[in-house]
Amino acid sequence: MVPTSQECSSSRFLPDPKTVAIVGCPFRGGQRKLGVDKGPIALVEAGLPDQIKELGWKVKFDGHHQFEEISAENDPPIGKLLNPRLVSKVCKAVSETVGDHIKNGELPLTLGGDHSLAMGTISGTLDRYPEACVVWVDAHADINTPETTGSGNIHGMPVAFLMGLGPTIPEFSWVKPRLSSSRIVYIGLRDLDAGEKRILKENKIKAFSMHEVDRWGIGRVVEMALDHVNPDRDRPIHLSFDVDALDPSVAPSTGTPVRGGLTFREGHYICEAVYETGCLIALDIMEVNPSLADTASINQTIAVGCSLARSALGETLL
């Protein structure tokens, strides 16, 4: 579906003309499955930049980041952590890019790639807006520490690094623990490790699982989530959306699908509601993997990734 042209609503933090800077990150080092590095390329090839322009935004896109200068050689595990130096260096580069776009008054739309990249994107946001809050939409909490992880995959740990949880690892010393437990809220959780459940409870982190979505409905859940992290709707919002938050029937081509997820409309409602606050300053669309399903399912997932981005940037049903 091609969106109809419409005026961008007012933003508390972005100057006119409002500009989206697409940060394409073809990166898969935070997990082991092949193909997620092709997600950003697929989203752009599906026409996402032009779709955003039709919503009234200026769009800046200078090509995907290839990280050619960052070597993956001589990168043995640190404890359980896989590809630790590579992930750290790439995320630091992404942090600097995202921070520069925000400094220039642009809204960075980061296309992943695996969700370890959020360590970089959110760090970049907090560099410019230390008071920002995070709405994290995901089937998984991604808050394992190097001690609690079972897999060693860093895409399951970015929130822990951002909050300064777990042991100090010199290779990640650039990640400042500036994300407080009161400034992040989860929506859509349904697949958590035992260690992650303990971390969430010990740190009193607000999380709305699919149980709460079933109980209260997505409208009430989003309202409560925003009331928690942004009660006066005056703080910048970083929305980090992993497409596996959606049910696999909606977004099947992703690395860690879990049954019982958000419907198409529930996922899009979250994006629409965040946009309506006028506080969105950064957006991540993560974990589209165009290699894990049949052609129709791959195309469906890519289309959903594009439509989530459009909804977060102002596309409406009417």
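Q: Why is helix α4 (residues 118-128) described as largely enclosed in this predicted model?
A: In this predicted model, nine of the eleven residues of α4 are buried, so the helix is largely enclosed by the rest of the structure. Buried here means under 20% relative accessible area. The residues that meet this criterion are Ala 118, Met 119, Gly 120, Thr 121, Ile 122, Ser 123, Gly 124, Thr 125 and Leu 126.

Q: What do the buried residues of α4 pack against?
A: Their partners are the helices α3 (84-103) and α5, together with the strands β3, β4 (133-137), β7 (237-242) and β8 (280-286).

Q: Why is strand β3 also called largely enclosed?
A: Six of the six residues of β3 are buried, so the strand is largely enclosed by the rest of the structure. Both of its faces are covered. Leu 107, Leu 109 and Leu 111 are buried on one side, and Pro 108, Thr 110 and Gly 112 are buried on the other.

Q: How do you know that β3 pairs with β1 and with β8, and in what sense does each pair run?
A: Pairing requires at least two bridges between two strands. Six bridges join β1 to β3 (residues 107-112), and these strands run parallel. Three bridges link β3 to β8, again in the parallel sense. The criterion is therefore met in both cases. Individual positions show the register: Gly 24 stands opposite Leu 111, Cys 25 has Gly 112 as its bridge partner, and Leu 111 stands opposite Ile 285 in β8.

Q: What makes β1 (residues 19-25) a mostly covered strand?
A: Seven of its seven residues are buried. On one side these are Thr 19, Ala 21, Val 23 and Cys 25, and on the other Val 20, Ile 22 and Gly 24, which leaves both faces covered. β1 also pairs with β2 (residues 58-60) in the parallel sense over three bridges, and Thr 19 stands opposite Lys 58 in β2.

Q: Why is Phe 172 counted as buried?
A: Its relative accessibility is 3%, and the cut-off for burial is under 20%; Phe 172 therefore counts as buried. The residue lies in the loop between α5 (158-163) and β5 (184-189).

Q: Which residues does Phe 172 touch, leaving aside those up to four places away in sequence?
A: The contacts are with Leu 81, Pro 84, Val 87, Ser 88, Met 119, Ile 154 and Phe 161. Phe 172 and Lys 92 are 80 residues apart in sequence, with 8.9 Å between their C-alpha atoms.

Q: Which members of the largest nonpolar core touch the most other members?
A: This core holds 55 residues, and those touching the most other members are Trp 57, Leu 109, Leu 239, Leu 262, Leu 283, Ile 285 and Leu 313. A second, separate core of 46 residues includes Ile 154, Phe 161, Met 163 and Leu 200.

Q: How do helices α8 (residues 218-229) and α9 (residues 264-276) cross, and what makes up their contact?
A: Their axes come within 10 Å and cross at roughly 40°, and the crossing is right-handed. α8 contributes Ile 218, Gly 219, Val 222 and Leu 226, while α9 contributes Glu 266, Tyr 269, Ile 270 and Ala 273. By class, the contact has six nonpolar, one polar and one charged residues.

How values were computed: Residues numbered from 1 in each chain as written. Predicted model: local features only at pLDDT ≥ 70, side-chain atom pairs only at ≥ 80, totals over all residues. Heavy atoms only, no water. Buried < 20%, exposed > 50% of the residue type's maximum accessible area, 1.4 Å probe, protein only. Helix = DSSP H or I, 4+ residues; strand = E, 2+ residues; numbered from the N terminus. Axes fitted to C-alpha atoms, helices over the stretch in contact; angles between N-to-C directions. Left-handed = near helix turned anticlockwise from the far one by under 90°. Contact = heavy atoms within 4.5 Å. Nonpolar A, V, L, I, M, F, W, Y, C, P; charged D, E, K, R; others polar. Core = buried A, V, L, I, M, F, W, Y, C linked by side-chain atoms within 4.5 Å.
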